[in-house]
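This briefing covers a few strands and one residue of the structure shown here. The model is a predicted one.

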Amino acid sequence: MKVLLIATNRERRPSFAVPAGVAYLQTALIDAGHEARILDLCFDPDDRLEGRVTEAIGEYGPDLIGVSVRNIDNETYLQYRGNLGDVKIVLGACRAASAAPVVLGGSAFSLMPVEIMNVLGADLGVIGEGEPAMVAIADALAEGRPITDAPGLLRREGTRVSVSEPARVSDPGSIVAPRYFVPDSRYFSTQVVGPQPTYGIQTKRGCAFRCSYCPVPSIEGKRFRLRSPAHIVDEMRHVRDLAGVKRFFITDSIFNLPRRHAIAVCEEMVAADLGVTWMAYTNPLQYDDDLALLFKRAGCETLNFGLDAGCDEMLTSLQKDFTVADIENATACARRAGVRIIHSLLLGGPGETADTVARTLDTMDRCAPDILTIAFGIRVYPKTPLWQDIGSRPGRPDLDMLQAVFYVDEALGPAECRTILRSIEEFVETHPKIMVRMNFDPKNLEAEVSTSSLRISAQAGAGRKAR
Ligand code: B12
Ligand code: SF4
């Protein structure tokens, strides 16, 4: 079987993301005896999408097409941009140029598969990890069998879409390095992508935490499933040698937990002495100086603490499993080890007030991260605790999840917003050494945030142009 895998993501903020997902699928397909080629549309302008897909199909003549959907949108409350318009164009071009079955998949697809299939009129999709599913579909087509047994498969049956449990690789320890994908060299050009190009690599799949708004456990599974440290280092070596990659982004939900796995991976990196650096998302639990120093020795340049809040009340509200004391301890360990620290905040959740924001900023003052990112408004995703909570409220609006629904606590009216804004502005002025990045224009915050607890971003959805 000849399989064409199309990576549709063209988002470039806050940074570019090499389409690692399709690279894993390509390896799995080729290792199973099929042919597989990747078409990456990341650098194509709007008016070239259709043409590039048509040309690739004409040249390759695939028997099966996989379309990867990484981002439904940019998840940004006050500067919303939807991406499904791109996927619609790609699907249309596939259908016009080929009779091969077209299967949708990817992290964003797995979040709302039925809604996406319906809005795009798609016939086939796979939720979860694509390796076992795409191999099963390609095998079945090659042998003239029905594809119905493929794990994670969703099929259109008349007007409805049949659903399925997410596909999972049975043994993540067996996931080997993508060996055939040569990423576009522009991903690693500082002139094109900015000063810090990275290549995404996974050391595990899944997340055992249950933060109230987060869909990752439903995308990757609710347990940590670990890759072999030797395979991870092989992958880093391979990508370094193939594409000259010097900096990696560890894409795990949380890198430092389970702690013994993080230690095993870092010890393997230290022994391999690859001469590369990396950054990772991390959680403040179970930090000590030994761990932070091992990270540094293994090449850790930056740790991004996905804190969301810096006061215990909001940490509890968002179902984070750590406290302000854990944040302060982990930050101090990372600082002593000489690692750059990013603290990320997500403001506006249930119970947020000007007072909780002020206390969060006090914690940031004590921690003094190198970079502080502040997002406002929480994107509501299906099946998360936040979504369940909203669903159980009396008189809740009928939510169309493909519309970008953002949660902002209803108590945050204009006056409260003004106070929050003033405290953020004051923080920025009094902390010139901390680089503060906001995903909203502070000037518009007051005007944009209504007193309603749920905001539906204007003009979201499939029809919206990507940029
Ligand atoms: C790491 C990460 C980042 C890093 C990327 C760093 C890098 N150099 O790659 C950074 C911080 C830069 C980032 C930025 C953004 N991200 Co991000 N990111 C992630 C994260 C945690 C992991 C993605 C990843 O690389 N996974 C590893 C690869 C191997 O897995 P995969 O691509 O999912 O592929 C597997 C399956 O999906 C499937 N599959 C993939 N394609 C296909 C195709 C077919 C046909 C099939 C059958 C299967 C299939 O099989 C693959 C192998 O098992 C995900 C959450 C998650 N767990 O998915 C969010 C996530 C994808 N990001 C998200 C978003 C929104 C963004 C941003 C738009 C905004 C933001 N908040 O920063 C930007 C966009 C950047 C860009 N250029 O696209 C959202 C998307 C949801 C949405 N609204 O659409 C997610 C889901 C997070 C969330 N909220 O839960 N991100
Ligand atoms: S926010 Fe991070 S730790 Fe919490 S559930 Fe999501 S991925 Fe896991």
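**Strand pairing around β15**

Strand β14 (residues 340–347) and β15 run parallel and are joined by six bridges. The chain passes from β14 to β15 by way of helix α14 (residues 354–367), and this β-α-β crossover is right-handed. The points below give the pairing of β15, its burial, and then the surroundings of Thr302.

**Partners of β15**
- On the β14 pairing, His343 has Leu372 of β15 as its bridge partner.
- Strand β15 is also joined to strand β18 (residues 435–438), by four bridges, and these two strands run parallel.
- In that pairing, Ile371 has Met435 of β18 as its bridge partner.

**Burial of β15**
- Strand β15 spans residues 371–376 and is mostly covered.
- Of the six residues in β15, five are buried.

**Thr302 in β13**
- Thr302 lies in strand β13, which covers residues 300–308.
- The relative accessible area of Thr302 is 0%, so this residue counts as buried, the cut-off being under 20%.
- The side chain of Thr302 makes a polar contact of 3.2 Å with the side chain of Arg340.
- Beyond its neighbours within four places in sequence, Thr302 is in contact with Trp278, Met279 and Ala280, and also with Val339, Arg340 and Ile342.
- Arg340 thus appears both in the contact list of Thr302 and in the polar contact with the Thr302 side chain.

Technical notes. Residues numbered from 1 in each chain as written. Chains lettered and ligands numbered in written order. Predicted model: local features only at pLDDT ≥ 70, side-chain atom pairs only at ≥ 80, totals over all residues. Heavy atoms only, no water. Buried < 20%, exposed > 50% of the residue type's maximum accessible area, 1.4 Å probe, protein only. Pairing = 2+ DSSP bridges. Right-handed = clockwise from strand over helix to strand, strands pointing away. Polar contact = N/O pair within 3.5 Å; in protein donor to acceptor, adjacent residues only side chain to side chain. Contact = heavy atoms within 4.5 Å.
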